[in-house]
Amino acid sequence: MVRDNGHVDTEELTFDAAGLIPAVVQQYDTREVLMVGWMNAEAVRRTAATGRSTFWSRSRQEYWVKGETSGHRQHVKQILVDCDADTLLVLVDQEGPACHTGTRSCFEHGEIEVKA
């Protein structure tokens with residue numbers, strides 16, 4: 001799967017029954033987790049080719065480029081593939097908030113209490 005240069009072909013990714021793969025988006029320099037989106041093979045190719053995060057909207061059934069309307073663009077630095085090739089880690093340089101609610105991260109809206 002991994003070639004000598006460390007690259008993985010899009011065809012080698014493991015997509016779910018809907019043809020999608022989760023993409024965790026992280027700020028490249030601080031490693032802050034910003035959001036999670038869904039990509040199909042074409043969205044992965046578009047993201048890699050343009051350097052702009054492109055996702056597949058499960059509700060609208062269409063592609064969307066992060067920041068296209070809000071201006072809160074994501075400039076992709078690297079796309080990493082996990083050990084099972086069924087999740088992507090997209091390292092970006094985020095302009096402004098990543099969350100549609102206006103917060104920097106989508107993970108600022110509560111937590112589940114852990115009783116250890």
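What follows is a chat about helix H1, the salt bridges, some loop residues and two valines in a predicted model.

Student: Let's start with helix H1. Which of its residues are buried?

Tutor: H1 covers residues 41-50, and its buried residues are Ala43, Val44 and Thr47. They span an arc of only 100 degrees around the axis, so they sit on the same side of H1.

Student: And what do those buried residues pack against?

Tutor: Six strands are listed as partners: S1 (21-27), S2, S3 (54-57), S4 (62-65), S5 (74-81) and S6 (88-94).

Student: Which exposed residues are on the face turned away from the buried side?

Tutor: Ala49 and Thr50 are the exposed residues carried there.

Student: What about the ends of H1? What does asparagine 40 reach at the start?

Tutor: A side-chain oxygen of asparagine 40 comes within 3.2 Å of the backbone nitrogen of glutamate 42. Just after the helix, glycine 51 has a positive phi of about 75 degrees.

Student: Glutamate 42 has a side chain to use as well. Which residue does it form a salt bridge with?

Tutor: Its partner is arginine 46, with the closest N and O atoms 3.2 Å apart. Both residues lie in H1, 4 residues apart, which is about one turn of the helix. Glutamate 42 counts as partly exposed at 30% relative accessibility, and arginine 46 is partly exposed too, at 34%.

Student: How many salt bridges turn up in the whole structure?

Tutor: The search finds 6. One of them joins glutamate 11 to arginine 45, the closest N and O atoms being 3.5 Å apart. Glutamate 11 lies in the segment before S1 and arginine 45 in helix H1, so this pair ties together parts that are 34 residues apart in sequence.

Student: Is glutamate 11 buried or exposed?

Tutor: Exposed, because its relative accessible area is 62%. Arginine 45 is partly exposed, at 37%.

Student: Which residues are linked in a network of salt bridges?

Tutor: Glu11, Glu42, Arg45 and Arg46 are linked that way. Another salt bridge brings the side chains of glutamate 62 and arginine 60 together, at 3.0 Å from N to O. Glutamate 62 is partly exposed, with a relative accessible area of 37%, and arginine 60 is partly exposed, with 48%.

Student: Over to the loops. What is the phi of glutamine 61?

Tutor: Positive, about 55 degrees, although glutamine 61 is not a glycine. Most residues other than glycine have a negative phi. Glutamine 61 is in the loop between S3 and S4.

Student: And where is alanine 85?

Tutor: Alanine 85 is in the loop between S5 and S6. Its phi is also positive, near 60 degrees. Alanine 85 is buried, because its relative accessible area is 1%.

Student: New topic: valine 81. What is it in contact with, leaving aside neighbours within four places in sequence?

Tutor: Val8, Leu13, Thr87 and Leu88. Valine 81 lies in strand S5 and counts as partly exposed at 30% relative accessibility. Leucine 13 is 68 residues from valine 81 in sequence, yet their C-alpha atoms are 8.2 Å apart in space.

Student: One last thing. Which residues make the nonpolar surface patch?

Tutor: Val33, Val36 and Phe107 make a patch of about 260 Å². Valine 36 lies in strand S2, residues 33-39, and is partly exposed at 41% relative accessibility.

Definitions and conventions: Residues numbered from 1 in each chain as written. Predicted model: local features only at pLDDT ≥ 70, side-chain atom pairs only at ≥ 80, totals over all residues. Heavy atoms only, no water. Patch = residues over 30% accessible without salt bridge, like charges linked within 9 Å, V, L, I, M, F, W, Y side chains within 5 Å. Areas by Shrake-Rupley, 256 points an atom, 1.4 Å probe, with all protein chains shown as cover. Salt bridge = Lys/Arg side-chain N within 4 Å of Asp/Glu carboxyl O. Helix = DSSP H or I, 4+ residues; strand = E, 2+ residues; numbered from the N terminus. Buried < 20%, exposed > 50% of the residue type's maximum accessible area, 1.4 Å probe, protein only. Arc of directions from axis to C-beta. Contact = heavy atoms within 4.5 Å. Polar contact = N/O pair within 3.5 Å; in protein donor to acceptor, adjacent residues only side chain to side chain.
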